[in-house]
Amino acid sequence: MESQDLVLVRRVRDGDLRAFTELDSMYREMAHQLALGVVGNPFEADDVVQEALFRAFERIDQLSDPARFGPWLRSIIRNIAIDHVRLRFRRNEHTTDIEDLDQRLFSHRFQSEESGRHAISDELLSKLSPAL
């Protein structure tokens, strides 16, 4: 028996736009939850999902295994969501690179000194959100 993804992707490739609407319906909630987990903002997550679905539709002929539409869409969503976060940091003109903060936080994870971890965590949090 053929998977539903396989059948729908084939129909989309044959020009059936309603088939993509069905894929959208099947995956939109998962897509939103994944995007929200990365960007942390429901409105931005909606933007990520729209962009990801548009990109998936545009590039559906590049999908090597039509039965794996879901995992392929998840990778598109993840990449776009990460790009959104990076762009947000660039727009806010943060001077500390996010990967540098991640590395510093990870390296301090194994320190026994609580104050060191708290200082790094506080610095990371101050970079992620504006002062309240």
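Modeller: Let me start with the chain as a whole: of its 132 residues, 30% count as buried. Buried stands for a relative accessible area under 20%, exposed for over 50%, and partly exposed for anything in between, with a 1.4 Å probe and protein chains only. Please keep in mind that this is a predicted model, where local features need pLDDT of at least 70 and side-chain atom pairs count only at pLDDT 80 or more, while totals for chains, interfaces and linings use all residues. Residues are numbered from 1 along each chain as its sequence is written, and side-chain values use heavy atoms, with hydrogens and water left out.

Colleague: Thanks! How many helices and strands does the chain have?

Modeller: There are six helices and zero strands, so from the N terminus on the elements read α-α-α-α-α-α. Both kinds are DSSP runs numbered from the N terminus: H or I over at least four residues for a helix, E over at least two for a strand.

Colleague: What makes the length of α3 agree with that of a helix?

Modeller: The expected span is 1.5 Å times one less than the number of residues. For the 17 residues of α3 that gives 24 Å, and the end C-alpha atoms are 24 Å apart, so the two agree.

Colleague: Which residues of α3 are buried, and what do they pack against?

Modeller: The buried ones are E44, A45, V48, V49, A52, L53 and A56. They pack against α2 and α4.

Colleague: A glutamate in that list! Why is E44 called buried?

Modeller: Its relative accessible area is 13%. The cut-off is under 20%, so E44 belongs with the buried residues. Leaving out residues up to four places away in sequence, E44 touches V39, H84 and R88; a contact here is a pair of heavy atoms within 4.5 Å.

Colleague: And what happens at the start of α3?

Modeller: A side-chain oxygen of N41 comes to within 2.7 Å of the backbone nitrogen of F43 there.

Colleague: Let us turn to the interior. Which residues of the largest nonpolar core touch the most other members?

Modeller: Out of 27 residues, they are F20, L23, V48, A56, F69, L73 and I77. Four helices each supply at least two residues of this core: α1 (4–13), α2 (17–39), α3 (42–58) and α4 (69–91). The largest share, nine residues, comes from α4.

Colleague: Why is this called a nonpolar core?

Modeller: The term covers buried Ala, Val, Leu, Ile, Met, Phe, Trp, Tyr and Cys residues that are joined through side-chain atoms within 4.5 Å. The residues just named, such as F20 and I77, are members of such a set. As background, nonpolar side chains in soluble globular proteins tend to be buried together. Neighbours within four places in sequence aside, I77 is in contact with M30, A31, L34, A35, V48 and A52.

Colleague: What about α1: which of its residues are buried?

Modeller: D5, L6, L8, V9 and V12. The buried residues of α1 pack against α2, α3 and α4. After α1 comes G15, with a positive phi near 100°.

Colleague: Now the charges. How do you know that E22 and R11 form a salt bridge?

Modeller: The definition asks for a side-chain nitrogen of Lys or Arg within 4 Å of a carboxyl oxygen of Asp or Glu. For E22 and R11 the N to O distance is 3.2 Å, so the pair qualifies. E22 lies in α2 and R11 in α1, so the bridge ties together parts eleven residues apart in sequence.

Colleague: Why are E22 and R11 called partly exposed?

Modeller: E22 has a relative accessible area of 32% and R11 has 29%. Both values fall between the two cut-offs, so partly exposed is the right label.

Colleague: What makes R86 and D83 a salt bridge?

Modeller: Their closest N and O atoms are 3.9 Å apart, so they pass the 4 Å limit. Both lie in α4, three residues apart, about one turn of the helix. Elsewhere, salt bridges that share partners join R11, D16 and E22 into one network.

Colleague: And how many salt bridges does the whole structure hold?

Modeller: Seven. Another of them pairs E51 with R55 at 3.3 Å, N to O; being four residues apart in α3, these two are separated by about one helical turn.

Conventions. A polar contact is a pair of N or O atoms within 3.5 Å; within protein, one must be able to donate a hydrogen and the other to accept it, and residues adjacent in sequence count only if both atoms are side-chain atoms.
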